[in-house]
Amino acid sequence: MLMFFSRDELACPTTGELVLAPGFGAALDSLRAAFGAPMRLSSACRTVERNRRIGGHPRSLHLIGNEAHGTDTFAVDVVILDGVSRAKLMSTALASDWSVGVASNFIHIDRRSDHTDLPQVVYHYRR
């Protein structure tokens, strides 16, 4: 499928569905190449049911068949705990027009500016 990511990493863990927005897979591979290190995904594609079960936002950018944005998955969460690697991923992503969300145990990255009228942002998750 992609050069750096397997089907199992990207598919919804509940249903096995894998549907990415146009160009998202290529952009993700390009980011991984620029980052220069493995990126372990904790979340990519989600069905509405899966998203609801894990407490995701109703308009999550991870959604397959996202009715709010009229497209499919264009976000992933990357498990990355050490500060140097987190800073490198964030700076690499931002330089390539990705939006970044920072949580205590993952970095959310998405291509919202490609698939919506939302601007590129950086934000943090509150507990």
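1. Aromatic pairs. In this predicted model, three aromatic pairs are present. Ring pairs join Phe 106, Tyr 123 and Tyr 125 into a cluster. The reader may wish to locate these three residues in the structure first, since two of them return in the next point.

2. The largest pocket. The space in the largest pocket amounts to about 400 Å³. Its lining consists of 15 residues. Those nearest the centre of this pocket are His 57, Ser 60, Leu 61, Tyr 123 and Tyr 125. Tyr 123 and Tyr 125 also belong to the aromatic cluster with Phe 106. Sorted by class, the lining comprises five nonpolar, six polar and four charged residues.

3. The second largest pocket. Here the space is about 160 Å³, and 13 residues form the lining. Nearest the centre lie Pro 13, Ser 42, Ser 43, Arg 50 and Ile 54. Two elements, α1 (7-10) and β1, each contribute at least two residues to this lining. The greatest contribution is that of β1, which provides three residues. By class, six of the lining residues are nonpolar, two are polar and five are charged.

4. Charges over rings. Two contacts of this kind deserve attention. The charged end of Lys 88 is placed over the ring of Phe 35, at 5.4 Å from the ring's centre. Arg 111, in turn, lies over the face of Trp 98, and the distance to the ring centre is 5.0 Å.

5. Cysteines. How many disulfides does the structure hold? The number is zero. A disulfide is a covalent bond between the sulfur atoms of two cysteines. For Cys 12, the closest cysteine sulfur is that of Cys 45, and the two sulfurs cannot be bonded because they are 7.7 Å apart. The cut-off for a disulfide is a sulfur pair within 2.5 Å. Cys 45 is likewise in no disulfide, the sulfur of Cys 12 being the nearest to its own. Are these two residues buried or exposed? Cys 12 counts as buried because its relative accessibility is 2%, and Cys 45 is also buried, with a value of 1%.

6. Asp 97. This residue has a positive phi of about 70°, although it is not a glycine. Asp 97 is placed in the loop that runs between α4 (83-95) and β3 (99-102). With a relative accessibility of 43%, Asp 97 counts as partly exposed. The student should note the class carefully: a residue is called exposed when the value is over 50%, and therefore Asp 97, at 43%, is placed in the partly exposed class.

7. Gly 36 and Leu 31. These two residues offer a contrast in accessibility. Gly 36 is situated in the loop between α2 (24-35) and β1 (40-43). It is exposed, as its relative accessible area is 56%. Leu 31, by contrast, is part of helix α2 and is buried, at 2% relative accessibility.

8. Separation along the chain and in space. Two pairs of residues illustrate how the chain positions relate to distances in the model. Gly 36 and Val 122 are 86 residues apart along the chain, and their C-alpha atoms are separated by 22 Å. Leu 31 and Phe 106 are 75 residues apart, with 16 Å between their C-alpha atoms. Phe 106 is one of the members of the aromatic cluster described in the opening point.

Terms used:
Residues numbered from 1 in each chain as written. Predicted model: local features only at pLDDT ≥ 70, side-chain atom pairs only at ≥ 80, totals over all residues. Heavy atoms only, no water. Helix = DSSP H or I, 4+ residues; strand = E, 2+ residues; numbered from the N terminus. Buried < 20%, exposed > 50% of the residue type's maximum accessible area, 1.4 Å probe, protein only. Phe/Tyr/Trp six-rings, centres within 6.5 Å; stacked < 30°, edge-to-face > 60°. Lys NZ or Arg CZ within 6 Å of the ring centre and 35° of its normal. 1 Å grid on protein atoms, 1.4 Å probe; cavity = no way out; pocket = protein on both sides within 12 Å on 5 of 7 lines; lining within 4 Å. Points joined across faces, edges and corners; volume = space filled by probe spheres on them. Nonpolar A, V, L, I, M, F, W, Y, C, P; charged D, E, K, R; others polar.
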